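Let's take a walk through this protein together, going from one helix to the interior and then to a few individual side chains. Keep the model open beside you as you read.

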Amino acid sequence: MSCFALVPAAGSGARMGATTPKQYLDLLGKPLIWHTLRALSAVPEITRVCVVISAGDEWWNSYDWSAFERLQVLRCGGATRAESVLNGLRAADVADADWALVHDAARPCLDPQLVSAMIVRLQHDAVGGILAVPVADTLKRAGMGERIARTEARDGLWQAQTPQMFRRGELIHAIAEFIGPDITDEASALEKQGKAPQLVMGSPWNLKVTWPQDLQLAALILQGAKNG
Ligand code: CTP
Ligand code: MG
């Protein structure tokens, strides 16, 4: 059993509203994705870290990545996250039986120990699983004119995070078969095949940088982690 990380990093970061894609925005003096790659590289069970960037990426080469020894760069990003992941899984120099840990470039505050615990928990699982956290807030369904139509039950609802850990061959088959607008993560493709991936407790620190304020939050989290 071998594990590799696959990091989709071919998005444009439209919701950040910046001219540079968010994976290259400055976070504590480094491009955001640097922190993501550092976290994955610190997981002893992960033998290779594959990054999927877009063919037209103008930013990657302007940084020094030599500190990351197990890095493989794949310039095969697609028009959607699922396409980038599928292209990257196919291009990665790994075996079908290997575990792929797909992790968003935009989640730079990942705790390596959480990933190790996830691998230990899932490595003998028949399906695989994902990091996720139970929904904490009360959920409202919007009706007309931004008024509340009703309150949705939140029992049993979880927010999906990454990494999402599945066997490379099985994940390729699942995404290739069901790729489309409702495949927003890896687990959803396996769910369409009738499989039930495990929910592994993630962390609120593992946020996805999506909106401008998130960059500041990520900086606070990383600084807090450094100070113990
Ligand atoms: N991603 C990708 N290829 C795409 C779209 C997204 O590899 N065609 C990656 C992003 O780079 C990011 C991860 O998937 O690391 C999660 O996607 P998201 O947070 O939605 O990033 P963006 O699509 O870049 O942001 P936005 O949706 O605001 O444009
Ligand atoms: Mg997106």
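On one side of helix H6, Gln-213, Gln-216 and Leu-220 are exposed. Bear in mind as you look at them that this is a predicted model. H6 runs over residues 212-226, and its 15 residues reach 22 Å from the first C-alpha to the last, close to the 21 Å expected at 1.5 Å a residue.

Now turn to the buried residues of H6: Asp-214, Leu-215, Ala-218, Ala-219, Ile-221 and Leu-222. Because they cover an arc of only 165 degrees around the axis, they sit on the same side of H6. What do these buried residues pack against? Their partners are strand S2 (26-27) and helix H1. After H6 comes Gly-228, with a positive phi near 95 degrees.

H1 is a good bridge to the interior. Spanning residues 32-41, helix H1 gives two or more residues to the largest nonpolar core, a set of 30 residues. Strands S1 (3-8), S4 (46-52) and S6 (99-102) do so too, as does helix H3 (112-122). Within this core, the residues with the most contacts are Ile-33, Leu-37, Ile-46, Trp-60 and Ile-119. Try centring your view on Leu-37: beyond its neighbours up to four places away in sequence, Leu-37 touches Val-7, Val-49, Val-51, Trp-60, Trp-65, Phe-68 and Leu-71. Another core lies apart from this one, with 26 residues that include Cys-76, Ala-82, Ala-100 and Ile-130.

Next, find the loop between S6 and H3, where you will meet Arg-107. Is this arginine buried or exposed? Its relative accessible area is 8%, so Arg-107 counts as buried. The side chain of Arg-107 makes a polar contact with the side chain of Thr-162, at 3.4 Å. Setting aside neighbours within four places in sequence, Arg-107 is also in contact with other residues, among them Thr-36, Ala-160, Gln-161, Asn-206, Leu-207 and Lys-208.

Finally, a look at the cysteines. How many disulfides does a search of the whole structure find? The count is 0. For Cys-3, the nearest cysteine sulfur is that of Cys-50, 12 Å away. Cys-3 has a relative accessibility of 1% and therefore counts as buried. Cys-76 is in no disulfide either, and the nearest cysteine sulfur to it, that of Cys-50, is 9.5 Å away. With 18% relative accessibility, Cys-76 counts as buried.

Terms used: Residues are numbered from 1 along each chain as its sequence is written. Chains are lettered from A and ligands numbered from 1 in the order in which they are written. This is a predicted model: local features need pLDDT of at least 70, side-chain atom pairs count only at pLDDT 80 or more; totals for chains, interfaces and linings use all residues. Side-chain values use heavy atoms; hydrogens and water are left out. A nonpolar core is a set of buried Ala, Val, Leu, Ile, Met, Phe, Trp, Tyr and Cys residues joined through side-chain atoms within 4.5 Å. Buried means under 20% relative accessible area, exposed over 50%, partly exposed in between (1.4 Å probe, protein chains only). Helices (H or I, at least four residues) and strands (E, at least two) are DSSP runs, numbered from the N terminus. Contact means heavy atoms within 4.5 Å. The expected span of a helix is 1.5 Å times one less than its number of residues. The arc is that of the directions from the helix axis to the C-beta atoms. A polar contact is a pair of N or O atoms within 3.5 Å; within protein, one must be able to donate a hydrogen and the other to accept it, and residues adjacent in sequence count only if both atoms are side-chain atoms. A disulfide is a pair of cysteine sulfur atoms within 2.5 Å.
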